[in-house]
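Work through the exercises below with the structure open. Each task is followed by a worked solution.

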Amino acid sequence: MTSPDPRHLTVVDHPLVQHKLTLMRDKTTSTASFRRLLREISLLLAYEVTRELEMTTITVETPLTTMQAPTLEGKKLALISILRAGNGLMDGILELIPAARVGFVGLYRDPETLQPVQYYCKVPKELDARMTIVVDPMLATGNSSVAAIDLLKREGARNLRFLCLLAAPEGVRRMRDAHPDVPIVTAALDERLDDHGYIVPGLGDAGDRMFGTR
């Protein structure tokens, strides 16, 4: 992996991640294949974003002896999907961490102002005691991500991570300025945003491609 800013941004450059991302960028990739690739890549990204989960040891009996073995400590982590496209990343992570608590934040981007508008919020209890991972495939302007994390901090979340498939420099700066304490993990840092707030070169609208509404 590379880390342009190890305090804030980690770009996962594992060959499998980059190969799957290239397939997802291709406009000829079908909806079914896009959805499958998003699930697969989310599993790989999940390894990195959960690297700092707290650990403890317990006593276990192997077939040969007794040992002190590592295990996760504390409350189950929380996964928060920014609707609707975040569900594609979340579904894959839940295959890896099925006991995670799950929440949803509904935001849409006003096409004129590019500002987020909230329409739904349902999150797990005791966020102050959980690592909370916010998932959304695209970190574009950063406005929706900042709004979601603002909301989660008001709900008590303190140990937050943000996981996305693609990030634009503009969105990374916006997140760093608003929430410098929230690390970002992504598969790629793309070139820029266009005049409509889409990531370039990007892969189009992740929600439309995932749900077949393009």
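**Exercise 1. Helix packing**

Describe how helix 2 and helix 3 of this predicted model pass each other, giving the distance and the angle between their axes.

Solution. Step 1: locate the two elements; helix 2 covers residues 31–49 and helix 3 covers residues 86–96. Step 2: take the axes, which come within 7 Å and cross at roughly 60°. Step 3: classify the angle; roughly perpendicular begins at 65 degrees and roughly parallel ends under 35, so helix 2 is oblique to helix 3. Step 4: add the hand, since helix 2 passes helix 3 in a right-handed crossing.

**Exercise 2. Salt bridges around helix 2 and the loop after it**

Which residue forms a salt bridge with Glu 48, and which side chain meets that of Glu 52?

Solution. Step 1: Glu 48 pairs with Arg 51, with the closest N and O atoms 3.0 Å apart. Step 2: compare with the cut-offs of under 20% for buried and over 50% for exposed. Glu 48, at 14%, is therefore buried, and Arg 51, at 56%, is exposed. Step 3: Glu 52 meets Arg 161 in a salt bridge of 2.8 Å, N to O. Glu 52 sits in the loop between helix 2 and strand 3, while Arg 161 belongs to strand 10, so the pair ties together parts that are 109 residues apart in sequence. Step 4: Glu 52 is exposed at 57% relative accessible area, whereas Arg 161 is buried at 10%.

**Exercise 3. Glu 126**

Where is Glu 126 placed, and what is notable about its phi?

Solution. Step 1: Glu 126 is in the loop between strand 7 and strand 8. Step 2: its phi is near 55°, a positive value in a residue other than glycine. Step 3: the side chain of Glu 126 forms a salt bridge with that of Arg 130, at 3.9 Å from N to O. Step 4: Glu 126 is partly exposed, with a relative accessible area of 42%; Arg 130 is buried, at 8%.

**Exercise 4. Cis peptide bonds**

Is the peptide bond from Leu 83 to Arg 84 cis or trans, and which type joins Val 200 and Pro 201?

Solution. Step 1: the bond from Leu 83 to Arg 84 has omega near 0°, and is cis. Arg 84 is in the loop between strand 5 and helix 3. Step 2: Val 200 and Pro 201 are also joined by a cis bond, with omega about 0°. Pro 201 lies in the loop between strand 13 and helix 6.

Definitions and conventions:
Residues numbered from 1 in each chain as written. Predicted model: local features only at pLDDT ≥ 70, side-chain atom pairs only at ≥ 80, totals over all residues. Heavy atoms only, no water. Axes fitted to C-alpha atoms, helices over the stretch in contact; angles between N-to-C directions. Helix = DSSP H or I, 4+ residues; strand = E, 2+ residues; numbered from the N terminus. Parallel < 35°, antiparallel > 145°, perpendicular 65-115°, else oblique. Left-handed = near helix turned anticlockwise from the far one by under 90°. Salt bridge = Lys/Arg side-chain N within 4 Å of Asp/Glu carboxyl O. Buried < 20%, exposed > 50% of the residue type's maximum accessible area, 1.4 Å probe, protein only.
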